[in-house]
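Me: I should like to go through the structure shown here and ask, for each term applied to it, what justifies that term.

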Amino acid sequence: MLIETTDEGPFVPDVFWLLLTKDMSSGCIIPQGAAGENKLLEAMQKRLSGFNNEALIEAMGSTDNGRFLIWERGNS
């Protein structure tokens with residue numbers, strides 16, 4: 001699971017949750033501010049062993065184009 005940031009904010013979405021398969025061939029993209037985002041984050045932090053809150057904080061503070069790995073299956 002990644003967070004992708006862009007340098008296009010703050011007037012357009014510039015943070016995206018990338019919920020992808022390991023080979024990145026399928027999944028979904030959720031823009032920051034989507035309905036239910038806070039509940040999704042709480043559920044991921046609670047249920048995903050090894051969720052990287054430090055990477056989350058770094059991503060949320062980014063104003064550049066970037067990708068931050070916040071969780072990977074099998075890494076705990």
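The exchange below sets computed values against their definitions.

Reply: This is a predicted model, in which local features need pLDDT of at least 70 and side-chain atom pairs count only at pLDDT 80 or more, while totals for chains, interfaces and linings use all residues. Residues are numbered from 1 along each chain as its sequence is written, and side-chain values use heavy atoms, with hydrogens and water left out.

Me: How many helices and strands are there, and what makes a stretch count as one of them?

Reply: The chain has 2 helices and 4 strands. Helices (H or I, at least four residues) and strands (E, at least two) are DSSP runs, numbered from the N terminus. Read from the N terminus, the order of elements is β-β-β-α-α-β.

Me: How do you know that β2 and β3 pair?

Reply: Pairing requires that DSSP find at least two bridges between two strands. Strands β2 (residues 15-20) and β3 (residues 27-31) have 5 bridges in the antiparallel sense, so the definition is satisfied. Within this pair, Trp 17 stands opposite Ile 30 in β3.

Me: What makes Met 24 notable in its backbone?

Reply: Met 24 has a positive phi of about 60° although it is not a glycine. Most residues other than glycine have a negative phi, and most peptide bonds are trans. Met 24 belongs to the loop between β2 and β3, a hairpin with 6 residues between the strands. A second backbone feature is the cis peptide bond from Gly 9 to Pro 10, with omega near 10°. Pro 10 is in the loop between β1 (2-5) and β2.

Me: Why is Met 24 called partly exposed?

Reply: Buried means under 20% relative accessible area, exposed over 50%, and partly exposed in between (1.4 Å probe, protein chains only). Met 24 has a relative accessible area of 46%, so the residue is partly exposed.

Me: What makes a group of residues a nonpolar core, and which residues have the most contacts inside the largest one?

Reply: A nonpolar core is a set of buried Ala, Val, Leu, Ile, Met, Phe, Trp, Tyr and Cys residues joined through side-chain atoms within 4.5 Å. The largest has 14 residues, and those with the most contacts inside it are Met 1, Ile 3, Trp 17, Phe 51, Leu 56 and Ile 70. Elements giving two or more residues to this core are β2, α1 (37-47) and α2 (53-60). The largest share, 3 residues, comes from α2. Contact means heavy atoms within 4.5 Å. Leaving aside neighbours within four places in sequence, Leu 56 is in contact with Ile 3, Trp 17, Leu 41, Gln 45, Phe 51 and Ile 70.

Me: Why is the contact between Arg 67 and Glu 4 called a salt bridge?

Reply: A salt bridge is a side-chain nitrogen of Lys or Arg within 4 Å of a carboxyl oxygen of Asp or Glu. The N to O distance between Arg 67 and Glu 4 is 2.8 Å, so the pair qualifies. Arg 67 lies in strand β4 (residues 66-69) and Glu 4 in strand β1, so the pair ties together parts that are 63 residues apart in sequence. Arg 67 is partly exposed at 47% relative accessible area, and Glu 4 is partly exposed at 24%.

Me: How many salt bridges does the structure hold?

Reply: The structure holds 2 salt bridges. Lys 22 forms one with Glu 72, the closest N and O atoms being 3.1 Å apart. This pair links distant parts of the chain, 50 residues apart: Lys 22 in the loop between β2 and β3, and Glu 72 in the segment after β4. Lys 22 is exposed, with a relative accessible area of 66%, whereas Glu 72 is partly exposed at 28%.

Me: Which side chain of opposite charge is nearest to Glu 37?

Reply: The nearest is Lys 39, 13 Å away, and Glu 37 is buried yet has no salt bridge. For this purpose Lys and Arg count as positive and Asp and Glu as negative; His and the chain ends are not counted. Glu 37 lies in helix α1. Apart from neighbours within four places in sequence, Glu 37 is in contact with Trp 17 and Gln 32.

Me: How do you know that the radius of gyration agrees with that of a compact globule?

Reply: The radius of gyration is taken over C-alpha atoms, and the globule rule is 2.2 Å times the number of residues to the power 0.38. With 76 residues, a compact globule would have a radius near 11 Å; the chain has 12 Å, which agrees. Along its principal axes the C-alpha trace spans about 35 × 25 × 20 Å.
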